[in-house]
Amino acid sequence: MDSPQNPMMICGVWTLERPVSMNRLRHTLEERFLCFNRFRQRVIDTGDRAYWQDDPLFDLDNHLHRIALPGKADKAELQKLVSDMNSTSLDFRQPLWQMHYIDNYGDGGALLIRIHHCIADGISLVRVMLSLTDKTPEPRLGKVARKRRSKPGRKSAIQNFLHRAVDSAQTATNQAKLFIQSVREEPNYPLKLATTASGVALDLLKLGLAPGEPKTGLKEPLSGRKQVAWADPLDLAEVKACAKALGGTINDALLCTVTGALQRHFAAHKETIPECGIRVAVPFNLRPLDQPIETLGNKFGLVLVTLPVEVRDPLMCFRQVQENMNRLKRSYQAQVTYSLLDIFGRGPDVIERRALDLLSNKASAVLTNVPGPKEPLYLAGSKLTQPMFWVPQSGSIGIGMSILSYAGTVQFGITVDKAIHADPDAVMGYFRESFEALSHAALAGRHDAIERKAS
């Protein structure tokens with residue numbers, strides 16, 4: 001899915017309360033990060049197929065760098081540096097990840113992280129990165145360390161074919177046993193299965209027939225040059241109180257806040273707001289949360305969420321977002337898109353590109369919402385004050401928005417292609433304004449309801 005306009009890498013930055021020792025950081029990475037063999041492997045692409053291979057020249061110094069920002073560097077300087085790195089592709093001759101420890105940021109430092117999406121999806125990478133941290137300043141480096149298992153040599157084509165055949169036969173046998181057992185336990189199971197199949201087929205048809213995104217300033221030919229920004233965190237308790245007052249979820253409140261921020265962007269640019277709203281592609285985790293952390297790779301689908309930017313009243317907007325989300329929760333859209341990506345990814349490049357164009361033409365942005373740790377964490381002895389990350393976009397999508405909860409706060413970040421006329425810092429301001437408007441309306445509505453009940 002890589003393209004010159006949209007490198008498929010996940011980029012993050014962690015701001016730290018105080019400087020860290022490079023030796024300690026290296027030791028942490030050696031013990032907790034490099035225990036995952038994938039970070040020592042590179043991609044070999046022969047044209048007709050691609051596979052992982054141990055990098056015979058692997059050296060941590062090729063991936064961990066130390067740099068400094070000029071003078072008394074502020075947030076703007078760090079955002080500029082992150083924008084530069086987020087616009088630069090990784091070197092495919094080496095394992096596909098880079099980290100830069102940044103000196104001279106505030107009273108502490110920062111860690112800039114870039115990892116290619118082919119290594120793992122966002123949920124897996126968040127878990128990997130959190131494994132580098134501790135709950136106290138004192139590390140316990142043995143907690144996730146494990147010996148790297150030696151990998152056998154690459155199998156021949158015949159061996160690979162035989163293994164796939166055996167796996168497929170075993171899977172078919174297991175599925176047949178499961179089906180027979182389900183019929184015995186529940187006679188109506190075949191009918192339920194047929195209903196599910198028809199639901200999947202209907203969602204596939206809806207996805208294919210869904211109209212393309214309306215023409216707005218958010219959909220422009222891309223330059224490949226990224227600009228990133230992040231907002232000051234919201235208080236998670238305030239977000240919860242707002243959602244509770246409205247009888248919805250935290251996710252509903254945050255999606256409504258994003259809608260309000262984009263609505264303010266359109267108004268600031270005196271741009272006509274689409275009457276049918278706009279859609280964002282939201283990655284949906286399909287991986288069991290109890291799956292072992294060493295299981296990397298990608299297992300996610302995409303759902304297209306309509307944001308009602310045409311609805312100006314915050315409470316009506318919230319109800320519409322809530323209804324849209326409830327409808328999606330009952331659909332099979334995530335499973336459908338996962339299967340499409342899997343199928344087209346195994347075929348010729350031209351078919352895969354057309355499939356990506358089909359999906360990307362139906363959304364104006366990618367939006368990721370990832371739950372993070374509830375308590376503060378420490379990296380190499382230094383408190384992690386604000387973690388932020390940006391999701392990659394694909395095809396013709398040039399905007400990525402990320403929401404991450406951490407230690408009682410909600411972080412919001414955005415990456416925008418430079419060809420799109422949207423100021424990322426301004427959108428961050430709109431995000432806070434939008435939440436304050438929603439929260440005020442929600443709490444005012446609850447106060448009125450209490451007064452009516454009392455009278």
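Student: What share of the 455 residues is buried?

Tutor: Buried residues make up 45% of the 455 in the protein. Buried means under 20% relative accessible area, exposed over 50%, and partly exposed in between (1.4 Å probe, protein chains only). This is a predicted model: local features need pLDDT of at least 70, side-chain atom pairs count only at pLDDT 80 or more, and totals for chains, interfaces and linings use all residues. Residues are numbered from 1 along each chain as its sequence is written, and side-chain values use heavy atoms, without hydrogens and water.

Student: What does the secondary structure come to?

Tutor: The protein has 11 helices and 15 strands. These are DSSP runs numbered from the N terminus: helices are H or I of at least four residues, strands E of at least two.

Student: What makes E4 and E12 edge strands?

Tutor: Start with the sheet. Six strands form an open sheet in the order E4-E5-E6-E1-E13-E12, and the pairing is mixed. Strand E4 (64-73) and strand E12 (378-379) each have a single partner strand, so one side of each lacks a neighbour in the sheet.

Student: Why do E4 and E5 count as a pair?

Tutor: Pairing requires DSSP to find at least two bridges between the strands. E4 and strand E5 (residues 97-105) have 6, in the parallel sense, so they pass. Within this pair, Leu64 stands opposite Met99 in E5. Helix H3 (residues 122-130) packs on the sheet and touches strand E1 (9-16), E5 and strand E6 (108-116); the direction of H3 makes about 30° with that of E1. Touching here is contact, meaning heavy atoms within 4.5 Å. The axes are lines fitted to C-alpha atoms, for helices over the stretch in contact, with angles from 0 to 180 degrees between N-to-C directions.

Student: Why is the link between Glu30 and Arg26 called a salt bridge?

Tutor: The rule asks for a side-chain nitrogen of Lys or Arg within 4 Å of a carboxyl oxygen of Asp or Glu. The closest N and O atoms of Glu30 and Arg26 are 3.7 Å apart, so the pair qualifies. Both residues lie in helix H1 (residues 22-33), 4 residues apart, about one turn of the helix. Arg26, Glu30 and Asp61 are linked in a network of salt bridges.

Student: Are Glu30 and Arg26 buried, partly exposed or exposed?

Tutor: Glu30 has a relative accessible area of 36%, so it is partly exposed. Arg26, at 25%, is partly exposed too.

Student: How many salt bridges does the rule give?

Tutor: The count comes to 9. One of them joins the side chains of Arg32 and Asp134, at 3.0 Å from N to O. That pair links distant parts of the chain: Arg32 is in helix H1 and Asp134 in the loop between H3 and helix H4 (157-185), 102 residues apart. Both Arg32 and Asp134 are buried.

Student: What makes Lys75 and Asp232 pass the rule?

Tutor: Their closest N and O atoms are 3.8 Å apart, so the cut-off is met. Lys75 is in helix H2 (residues 75-86), whereas Asp232 is in the loop between strand E7 (226-230) and strand E8 (234-235), 157 residues away along the chain. Lys75 is partly exposed at 26%. Asp232 is exposed at 53%.

Student: Why is strand E10 described as largely enclosed?

Tutor: Of the 8 residues of E10 (residues 300-307), 7 are buried, so the rest of the structure largely encloses this strand. Strand E9 (residues 278-285) pairs with E10 in the antiparallel sense over 8 bridges. Val282 stands opposite Val303 in E10.

Student: What makes Gln393 a buried residue?

Tutor: Its relative accessible area is 3%, so Gln393 counts as buried. Gln393 sits in the loop between strand E13 (382-390) and strand E14 (399-406). Beyond its neighbours within four places in sequence, Gln393 has contacts including Asn6, Met8, Val366 and Thr415.

Student: Why is the Gln393 to Lys226 link a polar contact?

Tutor: A polar contact is a pair of N or O atoms within 3.5 Å; within protein, one must be able to donate a hydrogen and the other to accept it, and residues adjacent in sequence count only if both atoms are side-chain atoms. The side chains of Gln393 and Lys226 meet at 3.2 Å, so the distance fits.

Student: What sets Ala380 apart in its backbone?

Tutor: Phi of Ala380 is near 50°, a positive value in a residue other than glycine. Ala380 lies in the loop between E12 and E13 and is buried at 6%.
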